[in-house]
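Colleague: I'd like to learn how to read pockets, cavities and sheets in a model. Could you walk me through one?

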Amino acid sequence: MAHSIVQLPIPVNEPILSYAPSSIEKKEVLACYTKLYKTQIEVPMQIGKEAVYTGDTATMHPPHDHKHCLGSYHKANQAVVKKAIEAALAAKAKWSALPWESRAAIFLKAAELVSGPYRAKINAATMLAQSKTIHQAEIDAACEFADFLRFNVYFMQEIYENQPESGAGIWNRINYRPLEGFIYAVSPFNFTAIAGNLGASAAMMGNTIVWKPSDHQIFSAQVIMEIFQEAGVPEGVINTVFGDPEMITNTVLESPDFAGIHYTGSTEVFRAIWSKIGTHINRYKSYPRIVGETGGKDFIIAHPSANPIEVATGIIRGGFEYQGQKCSAASRIYLPKSIANQVIDRVKEELKTVKMGSPEDFENFVTAVIHRGAYDRLVAAIEQAKKDPEAEIIAGGDYDDSTGYFIEPTVVVTSNPAYKTMTKELFGPLVTIYIYADSDWEKTLTLVDSTSEYALTGAVYSQDRFALEEALTALENSAGNFYINDKPTGAVVGQQPFGGARGSGTNDKAGSASNLMRWVSPRLIKETFVPAKDYRYSFLEKE
Ligand code: NAD
């Protein structure tokens, strides 16, 4: 057999297409959107080589057009979940024995499919399933997904290259073994890229996967599976199960072969899963790896030296893009009294120009929130703010669910820095501003640090280098991704590895080698070329 030490292509971030009027990409994605909108699809679960139809189905609807049906998906029962575990275990030996460069080739091919022939389809599916504008779909489903695949393959090579020193006459090596058992991937609705990456990142390290996507992302999850299949991911390596999340998770966590969870979603669900793993710890063959990126209550703090227009732009983009449904979305804002009015006036003026509606109309900056539950949660917060004397709605505050789950971008100003919308993750287009006295800059930094249980993203705006240093120090543990004079959203794979601590997750940094390290168990091999033949050391000899 011929051998070589291969070098992977150096990854570069996928260029973001503009979708400007009359562009080819705009025509293509809209044609695809219309086609998908008009077709009813039936999504089976993919388990091993079998497409599983249980007959127990649920329907899929665009959040911006909830009376329209896109089709249905089949839901698992316990037996189906067990079958998915068996399929993952059965595929494991052959998959993990495949040379790593073959695994790399499969996922590099998947990246080419995402950014090439499937680009319009995965974007259109994300626009329909998750109500993303074309720009939000493009930076997620096309670019971030392709970036995850290309950069992670490169990080895989970096991990394998990482080898120990060897002393005279010996040779030390490390093998990076996949974990024994299977990995459970649980993904949220809000990023198609995350949904694809949770399984792919662990699979490329030689693991096999049971993947449970969010009920609200299955329409685009189906496109991800199509891409994986065309790229050559073998049967049983990534298996999908849909339906009751609690039943599926309980069944998975009962298996002694459960080797780890790659989770992204809300904090509450992650904590519940972690406790169940703890309860079952005696039954597992290994200590399961627990990786979870969870909620946020992300902040922007402006110093009196900040440029009000830049702060206002950070609030609008950081707070309202994708309807505030990014884990990194800015939702609590701290403004100094001296520039507060300028920032607020600018935000109000700019919001008057923001259009809301279907993502099919490219003039819309804001579309619908994901589902009835999200809509009701946000309406309740808005109605409460209308009643509370310590809160005032200064922009937005309207909502309408007749066609889709539309919530107007809403800005609340509160006199109470611990007001509910300053502390609770609402996950929608609602931003709350607290105005502080300029002289309280240092006290306000402490307030920012201590207000929320989360520590995901945060931003400071200032033209004063001393103030920036103060913020960096005081807010050291307040955010895993910290931004200076920029909005706290929009992390790019390979440039800003993403994740937070405290209640926001295990901070294993998606899109980095540290995340991939969680899916391997190193084996150190020491080889001695000329072994000792006498147990006696020199110190034992007589003087
Ligand atoms: P969610 O918690 O409702 O769902 C996440 C996943 O968990 C889904 O697959 C869901 O079906 C599953 N799930 C729900 N209840 C469960 C249960 N009882 N047992 C087991 N699994 C269960 O979250 P979502 O609404 O899909 O996504 C939004 C949340 O995700 C927000 O809190 C957001 O901050 C977070 N998020 C975090 C990051 C990050 O990188 N930190 C990225 C994206 C989203």
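Colleague: Let's jump straight in. By class, how many nonpolar, polar and charged residues does the lining of the second largest pocket have?

Modeller: Keep in mind that this is a predicted model. The lining of that second largest pocket breaks down into 18 nonpolar, 15 polar and nine charged residues. The pocket itself has a volume of about 850 Å³. It has 42 lining residues, and I139, E144, G490, A491 and V492 are the closest to its centre.

Colleague: Which elements give two or more residues to that lining?

Modeller: Look for α5 (134-161), α6, β10 and β11. The largest share is from α5, with seven residues.

Colleague: And why does the second largest pocket lie between domain 1 and domain 2?

Modeller: Check who supplies the wall. Domain 1 (24-294 + 505-526) and domain 2 (298-484) both give residues to the lining, so the second largest pocket lies between them.

Colleague: How far apart are the C-alpha centres of the two domains?

Modeller: The centres of domain 1 and domain 2 are 31 Å apart. As for the contact, 28 residues of domain 1 and 29 residues of domain 2 take part in it.

Colleague: Now the largest pocket: what volume does it have?

Modeller: About 980 Å³. Its lining counts 39 residues, with P188, Y263, G265, S266 and V269 nearest the centre. Sorted by class, that lining holds 15 nonpolar, 13 polar and 11 charged residues.

Colleague: Which element gives the largest share of the lining of the largest pocket?

Modeller: That's α9, with seven residues. At least two residues each come from α8 (245-253), β10, α9 (267-279) and α12 (372-387). On the domain level, domain 1 and domain 2 each contribute at least three residues to this lining.

Colleague: What about enclosed space? How does one look for it in general?

Modeller: The general idea is that rolling a probe the size of a water molecule over the atoms shows where empty space is left. Here, searching the whole structure turns up one cavity of 30 Å³ or more. The space in the largest cavity is about 100 Å³. It is lined by 15 residues, and G324, A329, S331, F427 and G428 are the closest to its centre.

Colleague: How many charged residues does the lining of the largest cavity have?

Modeller: Four, alongside six nonpolar and five polar residues.

Colleague: Let's turn to the sheet. In what order do the five strands of the open sheet run?

Modeller: Read across it as β9-β8-β7-β10-β11, with parallel pairing. To find the edges, count partners: β9 (238-240) and β11 (289-293) have a single partner strand each, so one side of each is left without a neighbour in the sheet. Neighbouring strands are turned by 20 degrees against each other on average, direction ignored.

Colleague: How many bridges join β10 and β11?

Modeller: Five, in the parallel sense, with β10 spanning residues 258-264. For one pair to click on, try T264, whose bridge partner in β11 is E293.

Colleague: Which strands does helix α6 lie across?

Modeller: Helix α6 (residues 192-204) lies across β7 (182-186), β8 (209-212), β9 and β10. Against β10 the helix runs at about 155 degrees. You've met both already: α6 and β10 are among the elements that give two or more residues to the lining of the second largest pocket.

Notes:
Residues numbered from 1 in each chain as written. Predicted model: local features only at pLDDT ≥ 70, side-chain atom pairs only at ≥ 80, totals over all residues. Heavy atoms only, no water. 1 Å grid on protein atoms, 1.4 Å probe; cavity = no way out; pocket = protein on both sides within 12 Å on 5 of 7 lines; lining within 4 Å. Points joined across faces, edges and corners; volume = space filled by probe spheres on them. Nonpolar A, V, L, I, M, F, W, Y, C, P; charged D, E, K, R; others polar. Pairing = 2+ DSSP bridges. Helix = DSSP H or I, 4+ residues; strand = E, 2+ residues; numbered from the N terminus. Axes fitted to C-alpha atoms, helices over the stretch in contact; angles between N-to-C directions. Contact = heavy atoms within 4.5 Å. Domains from an automatic or database assignment.
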